[in-house]
Amino acid sequence: MSKTAVTGSLLSFEIDRASTKPLYHQLIEHLRGAIAIGRLRPGTKLPSSRVIADELGVSRITVVQAFDALQMEGLFVTRVGAGTFVASQEALPASDSSTTGQTTGSKLGRNDIYPFRSLSRRGKRLVASVHAEFEERPRSFMPDIPDVREFPIKTWLRLLGETSGRLTGEVLVDTSNAGYEPLRRALAQHLVASRGMQCDWRQVIITTGSQQSLNLVCQMLIDPGDSVWIEEPGYVGTRSVVRGNGGAICPVPVDAEGLCVDEAIATHPVPRLVFVTPARQYPTGATMSESRRESLIHFAHASGAWIVEDDYDNEFRYTGHTPLALHASDRGARTIHIGTFSKILLPSLRLGYIVVPPDLSEEFAKGRAIVDRHASLIEQMVLSEFMNRGLLSSHIRRMRNLYRARQGQLVSGLRDVLGSDLTFTGTETGLHVTLKLADRADDIALARQAAHNGLVIRPLSPYFATRQTQQGLMLGFAAFNQQEIVEGLTRLQPLAPLMRPLIRS
């Protein structure tokens with residue numbers, strides 16, 4: 001029997017002393033109704049009769065009479081030395097389908113009676129925008145997740161202990177809606193050094209991650225019906241946020257050089273926003289060429305469009321030189337830069353940031369306040385210490401070397417299993433590689449088959465907003481050690497005869 005107990009006020013019950021109905025009858029009806037609608041769940045331990053009597057201002061005999069009656073009905077059970085409990089689900093009497101509670105519930109679900117219970121148009125767009133993805137658990141070869149086992153938890157907890165003593169009421173009151181000032185300063189310094197950006201700390205807005213950043217940008221800068229360019233294929237979360245905020249999506253193809261800017265200009269209306277992932281296009285892994293970057297920046301200046309640069313995992317580049325952020329090349333301040341710590345540190349950390357033009361910083365800070373005031377302050381404080389002591393940079397370097405080795409092991413193993421002539425996209429950067437398939441392939445069916453074998457391999461086709469899709473498979477390597485990659489390749493072996501004829505040469 002559960003030891004969960006009801007404490008405090010007994011379900012907001014008040015005795016009606018003006019009623020002719022006896023007090024113990026009122027208590028019986030209240031408790032019986034609370035069980036029927038689930039407010040008192042099976043196995044719940046009730047307070048003692050003395051406690052209930054004191055709370056209700058009645059005699060203990062009144063409560064005992066009610067308990068005895070409900071025990072005779074089979075609703076309560078008493079265990080010597082333990083107390084009184086709501087009976088288990090199996091022991092509860094069968095409920096009458098014509099009870100008032102069910103009738104009321106059915107009425108509450110009918111929009112012809114209560115039309116105001118339907119979602120708003122914006123709410124319906126938001127729900128409709130959610131993409132149905134495969135149910136996934138962190139197992140080989142799930143893309144886009146870091147190895148959380150390598151997170152320096154002992155160092156983090158030590159900094160947490162050192163920092164928590166500085167979390168005073170004054171700090172809580174003084175923290176801006178835009179985030180903890182020392183973290184914003186540390187971030188600005190980090191972006192200047194690592195991404196070549198020229199930004200002041202006042203331009204940095206701390207968020208709870210990329211998704212909130214994308215949503216805040218859309219809320220602040222687009223109106224329903226505004227055209228928004230997104231990459232095709234592109235991040236599903238961006239597509240969902242744009243649709244949820246009423247934007248008109250204009251899918252723009254990407255190739256080995258990134259967003260096809262000239263094609264977009266010739267095909268689509270002038271946008272309010274252009275969403276791009278120039279450091280590493282998601283999901284193909286392409287790096288946007290210098291000429292495409294210049295074309296996009298020139299177009300934004302001429303048209304008044306905003307560029308939203310999602311710099312989600314630029315830190316993990318394994319070959320060649322990391323290009324500057326698009327924001328660093330945009331001298332006209334038309335670029336809004338978005339970043340996250342989910343890929344570098346922990347997905348559950350839920351900290352990200354936006355770098356906005358100076359003239360928008362105050363407005364974005366006010367908009368951020370409406371969303372949820374600010375992210376967890378203690379985590380912001382610890383992260384600022386982590387960065388100021390050089391621990392973030394050293395962690396990134398260590399993880400880059402580790403992920404480079406894991407990527408090499410996965411690519412080599414896949415060639416052993418599926419053929420030495422395999423070609424991948426996105427091997428220079430990131431946390432996953434993409435294997436292109438022939439047009440006749442069904443990547444969703446292959447992903448489902450892999451799931452039956454205990455693997456998570458994400459299909460490429462759902463990342464297209466139009467029917468002009470490509471077939472492919474995304475395989476992650478970052479979160480899996482050497483033995484786990486070997487085990488994953490072993491599970492993939494039975495699918496090799498099915499996959500080999502479908503691989504694009």
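Is Ser49 buried or exposed? Ser49 is buried, since its relative accessible area is 12% and the limit for being buried is under 20%. Keep in mind as you explore that this is a predicted model. Ser49 is found in helix H2, which covers residues 49-56. Setting aside neighbours within four places in sequence, the residues in contact with Ser49 are Arg60, Val63 and Val64.

Now move along to helix H3, residues 60-72, where you will find Asp68. Here the picture is another one: Asp68 has 41% relative accessibility, so it counts as partly exposed. Try locating Ile28 as well. Although 40 residues separate Asp68 from Ile28 in sequence, their C-alpha atoms are 9.7 Å apart in space.

Let us step back to the whole chain. The protein has 505 residues, and 49% of them count as buried. Its secondary structure comprises 19 helices and 14 strands. If you take the contacts between residues at least 6 apart in sequence, 72% of them join residues at least 24 apart. About 24200 Å² of the protein is exposed, with carbon and sulfur atoms supplying 51% of that area.

Next comes the sheet. Strands of a sheet pair through backbone hydrogen bonds, in either a parallel or an antiparallel way. In this model, eight strands make an open sheet with mixed pairing, and their order is S3-S10-S9-S8-S7-S4-S5-S6. Strand S3 (204-207) and strand S6 (258-259) are at the edges and have a single partner strand each, so one side of each has no neighbour in the sheet.

You can walk through part of this sheet strand by strand. Strand S7 (residues 273-276) runs parallel to strand S8 (residues 306-310), and four bridges join them; among the partners, Val276 is matched with Glu309 in S8. S8 in turn runs parallel to S9, again through four bridges, and the bridge partner of Asp310 in S9 is Ile338. Then the direction changes: S9 and S10 are paired in the antiparallel sense, over four bridges. Here Thr340 has Gly352 as its bridge partner in S10.

S9 deserves a pause. Six of its six residues are buried, so you will find this strand mostly covered. Thr335, His337 and Gly339 point one way from S9, while Ile336, Ile338 and Thr340 point the other way, and all are buried. Helix H8 (residues 181-195) lies across S3, strand S9 (335-340) and strand S10 (352-355), and it runs at about 115 degrees to S3.

Finally, look for the nonpolar cores. In soluble globular proteins, nonpolar side chains tend to be buried together. The largest nonpolar core here holds 38 residues, of which Tyr403, Leu410, Leu414, Leu418 and Leu475 touch the most other members. Two or more residues come from each of helix H16 (391-418), strand S12 (432-436), helix H17 (443-452), strand S14 (472-476), helix H18 (482-492) and helix H19 (496-499). H16 gives the most to this core, with seven residues. Take Leu414 as a place to start: leaving out neighbours within four places in sequence, Leu414 is in contact with Gly419, Leu422, Phe424, Leu475, Leu489 and Leu492. Apart from this core lies another one, of 33 residues, including Leu345, Leu377, Phe386 and Met387.

Technical notes:
Residues are numbered from 1 along each chain as its sequence is written. This is a predicted model: local features need pLDDT of at least 70, side-chain atom pairs count only at pLDDT 80 or more; totals for chains, interfaces and linings use all residues. Side-chain values use heavy atoms; hydrogens and water are left out. Two strands pair if DSSP finds at least two bridges between them. Contact means heavy atoms within 4.5 Å. Axes are lines fitted to C-alpha atoms, for helices over the stretch in contact, and angles run from 0 to 180 degrees between N-to-C directions. A nonpolar core is a set of buried Ala, Val, Leu, Ile, Met, Phe, Trp, Tyr and Cys residues joined through side-chain atoms within 4.5 Å. Buried means under 20% relative accessible area, exposed over 50%, partly exposed in between (1.4 Å probe, protein chains only). Accessible areas come from the Shrake-Rupley method with a 1.4 Å probe; for residues, only the protein chains shown count as cover.
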